[in-house]
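Hi everyone, thanks for coming. Let me put today's protein on the screen, and then we'll walk through it together.

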Amino acid sequence: MVLQDLGRRINAAVSDLTRSSNLDEKAFDAMVKEICNALVEADVNIKLVASLRTAIKRKVNFKELAPGVNKKRVIQKAVYDELVELVNPHDKAFTPKKGKPNVIMFVGLQGSGKTTSCTKLARWYQARGFKSCLVCADTFRAGAFDQLKQNATKAKIPYYGSLTQTDPVAVAREGVDKFKKERFEVIIVDTSGRHRQEADLFNEMVQIQEAVKPDDTIMVLDASIGQQAEAQSRAFKDSAGFGSIIITKTDGAAAGGGAISAVAATRTPIVFIGTGEHMLDLERFQPQAFISKLLGMGDMAGLVEHVQSLKLDQKDTMKHLAEGVFTVRDLRDQLSNIMKMGPLSKMAGMIPGLSNMMGGMDDEEGSLKLRRMIYICDSMTDKELDSDGKVFTDQPARMTRVAHGSGTSVREVEDLLTQHRMMAGMAKKMKGGMANMQKAQGVM
Ligand code: GDP
């Protein structure tokens, strides 16, 4: 069962109960049973489910609830708290410090998403002002260095690796030494995986650890691993040890409960979860936010953090909007901001209205459309960009020129200008409202 389905089922069980008119002990027991069944089907370890059941029942203690108390709230809170407890390791995860080298080593089986997650994490810290880089110590898998190189280049992250050196320990040491000298702050070391846990793999990991002395070791676990997650993470913990976990492919069709159970088995915090193949598909894992999202309560804090990390420049547009103005350039800036936010389908889930705008297109079509709109704007002159768009209706030849210059059609240019006119009209209407909103937010 996919995590979202799990959330939906738990949510439905709690809502059914709290909506029903006779909230008696029998109905309460049925709800607890349904929640536990859903968790077991999602591969959460059966012992953990049993202790969650006991804890909810103890917290609510239906028989002794005073008549006046709001039973619904007590039940909702107990379920929420116990789910949070399920994913809470009670151990603080490592966080890098600015101004010094922080070496982070990745371990995990082949195919778990290690290399992808290394780059995502390097990018994540880079976006938050850390000078980040990657070291490829996977000399076992042919093509591993090429893959890391490609990912790193795309994300504009410096990397180190070797096509000729076959000793992973030497590559790791050389890479880390080089980047330490160059005063990098987050140095991420990707190591090789194997298809199975085997002595060779663990020996290699220990040797690399001794060579680079990581400040943190992160184990990467594929969400689809199911019940084996516990044994696998214990084996890694016993040999190499690790201080944090990243669970990948939480967007996939597999049950994530097994991987979640690994937290309890090893008392190790999940620090991030991978939510897709794109570079930006990495979310910080926090027990409360994760459970809120699972239960459909939204994750506003997560969204705000994500948008802030992108360092979008909104100042001019905000100022313009306050004045009731919206130029073609403002539209261009907004389009490119949307592109920076990551896969459109994900953002659409967080921001109401965005999915309507893209008219049911998939990510690829949607971003292609946005990109073409940006090309159109980039073929305009400064005068055109800073205008209210009327210059185009006055002199339609400008549209033909822009269409040629951007490799699009006159029809697409017209569509963009129509979209702009609509937004400029809205800006005019919002004039007073925006100014007040900005004062409240301290933008101006
Ligand atoms: P490694 O062998 O552990 O280094 O694994 P890779 O980084 O090569 O990843 C294996 C595959 O999983 C690749 O096709 C990745 O694109 C994919 N992958 C990694 N993380 C995620 C994720 O969070 N979601 C999805 N859908 N795919 C992922």
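Let's start with a puzzle: leaving out residues up to four places away in sequence, which residues does M279 touch? Before I answer, keep in mind that what you're looking at is a predicted model.

Okay, so find M279 in the loop between β7, residues 270-274, and β8. The residues M279 touches are T119, K120, R123, K154 and A155. Look at those numbers, and then at T116: T116 and M279 are 163 residues apart along the chain, yet their C-alpha atoms are separated by 7.8 Å. Is M279 buried or exposed, then? Something in the middle: M279 counts as partly exposed, because it has 17 C-beta neighbours inside 10 Å, and a residue needs 20 or more to be called buried.

Contacts across the chain come up again when we step back. In the protein chain, take the contacts with a separation of 6 or more: 74% of them are between residues 24 or more positions apart. The chain has 444 residues, and 38% of them count as buried. As for the parts list, there are 21 helices and eight strands.

Now let's go to the strands. A quick reminder from class: strands of a sheet pair through backbone hydrogen bonds, either parallel or antiparallel. Here, eight strands make an open sheet, and if you read across it the order is β3-β2-β4-β1-β5-β6-β7-β8, with mixed pairing. At the edges you find β3 and β8, each with a single partner strand, so one side of each has no neighbour in the sheet.

Let's zoom in on β4, which runs over residues 186-191. How many of the residues of β4 are buried? Six of its six, so to speak the full set. V186, I188 and D190 point one way, I187, V189 and T191 point the other way, and all are buried.

And who sits beside β4? With β1, residues 102-107, β4 pairs in the parallel sense over five bridges. If you want to trace them on the screen, N102 has V186 as its bridge partner, and V103 has I187. There is also β2, residues 132-137, which pairs with β4 in the parallel sense over six bridges. There, C136 is matched with D190.

Next, a helix: α6, residues 144-154, with A144, F145, L148, N151 and A152 buried. Why do we say they're on the same side of α6? Because they cover an arc of only 130° around the axis. Turn to the face away from that buried side and you meet the exposed residues D146, T153 and K154. Remember K154? That was one of the residues touched by M279. The buried residues of α6 pack against α5, β2, β3 and β4, so to speak our old friend β4 again. Just after α6, K156 takes a positive phi of about 55°.

Compare that with α20, residues 397-406, where M399, V402 and S406 are buried. These cover an arc of only 65° around the axis, which puts them on the same side of α20. On the face turned away from that side are the exposed residues A397 and T400. After α20 comes G407, and its phi is positive, near 70°.

One more helix residue: V49, in α3, residues 46-60. V49 is partly exposed, with 19 other C-beta atoms within 10 Å. V49 touches C36, L39, V40 and V44, again skipping residues up to four places away in sequence.

Last stop, the ligand. Which residues come nearest? Of the 18 around the ligand, those are G113, K114, T115, T116 and G274. Helix α5, residues 114-127, gives the largest share of the shell, three residues. Sorted by class, the shell has 13 polar and five charged residues, and no nonpolar ones.

And a note from the records: an unreviewed UniProt entry places the feature "domain: SRP54-type proteins GTP-binding" at residues 269-282. In the model, that span is 0% helix and 43% strand, and its end C-alpha atoms lie 16 Å apart.

That's my tour. Any questions?

Note on methods
Residues are numbered from 1 along each chain as its sequence is written. This is a predicted model: local features need pLDDT of at least 70, side-chain atom pairs count only at pLDDT 80 or more; totals for chains, interfaces and linings use all residues. A residue is buried if 20 or more other C-beta atoms lie within 10 Å of its own, exposed if 12 or fewer, and partly exposed in between; C-beta atoms are placed from the backbone. Helices (H or I, at least four residues) and strands (E, at least two) are DSSP runs, numbered from the N terminus. The arc is that of the directions from the helix axis to the C-beta atoms. Two strands pair if DSSP finds at least two bridges between them. Two residues are in contact if their C-beta atoms, placed from the backbone, lie within 7 Å. A residue is near a molecule or strand if its C-beta atom, placed from the backbone, lies within 6 Å of it. Ala, Val, Leu, Ile, Met, Phe, Trp, Tyr, Cys and Pro count as nonpolar, Asp, Glu, Lys and Arg as charged, and the others, Gly among them, as polar. UniProt positions are given in the numbering used here, feature names are shortened, and annotations may be inferred rather than shown by experiment.
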